[in-house]
Amino acid sequence: MDKVLLHNCAFEVHVGTTRKERAKKQRIEMDVTLFADIKIAGSSDELKDTVCYSDVHKAIHTFLESRHFVLIETIAENCAALVLKEFSVQMITIQVRKPAALKKQGVEYSGVEITRT
């Protein structure tokens, strides 16, 4: 199956396990892999024949900026559901990373990765 990739998308979101942590937006990073048949687009050279990664990014950004989340797991699930509903993809893998979560402990990032159909 073909893939459309959005690598290292950065968003500022309200996320955290405490109210204090959610009060200020934090940076999350996201990799999105969209599984779709893009063979026709490869031949036609027409945007209408593929998944527009700009539109996917915009939809995720719009969704994230207006909400508060406790868990990055919830971010991953909700974004996957949104993309599967709104775009012509058969499957999606999303990795959500929170770089600042364990920075003091020397951890580059903590994160989750899900795959949904």
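**Exercises on a predicted model**

A search of the whole structure, a predicted model, finds zero disulfides.

**Exercise 1.** Explain why C9 forms no disulfide, and state whether C9 and C79 are buried or exposed.

*Solution.*
1. A disulfide requires two cysteine sulfur atoms within 2.5 Å.
2. The cysteine sulfur closest to that of C9 belongs to C79, and the separation is 10 Å, too far for a bond.
3. Taken from the other side, C79 is likewise in no disulfide, its nearest cysteine sulfur being that of C9.
4. Buried means under 20% relative accessible area. C9, at 9%, counts as buried, and C79, at 0%, counts as buried too.

**Exercise 2.** Check the span of helix 4 (residues 72-86), then determine where its buried residues lie around the axis.

*Solution.*
1. Helix 4 has 15 residues, so at 1.5 Å a residue the expected span is 21 Å; the end C-alpha atoms are 21 Å apart, which agrees.
2. The buried residues of helix 4 are I72, I75, A76, C79, A80 and V83.
3. These cover an arc of only 125° around the axis, so they sit on the same side of helix 4.
4. An α-helix has 3.6 residues a turn, so residues three or four places apart point the same way.
5. The cover over these buried residues includes strand 1, strand 2, helix 3, strand 3, strand 4 and strand 5.

**Exercise 3.** Describe the surroundings of I92 in strand 4.

*Solution.*
1. I92 has a relative accessible area of 0% and is buried.
2. Beyond four places in sequence, the contacts of I92 include A80 and V83, as well as V32, F35 and I114.
3. T115 is also in contact with I92; their C-alpha atoms are 5.6 Å apart, although 23 residues separate them along the chain.

Note on methods. Residues are numbered from 1 along each chain as its sequence is written. This is a predicted model: local features need pLDDT of at least 70, side-chain atom pairs count only at pLDDT 80 or more; totals for chains, interfaces and linings use all residues. Side-chain values use heavy atoms; hydrogens and water are left out. Buried means under 20% relative accessible area, exposed over 50%, partly exposed in between (1.4 Å probe, protein chains only). Contact means heavy atoms within 4.5 Å. Helices (H or I, at least four residues) and strands (E, at least two) are DSSP runs, numbered from the N terminus. The expected span of a helix is 1.5 Å times one less than its number of residues. The arc is that of the directions from the helix axis to the C-beta atoms.
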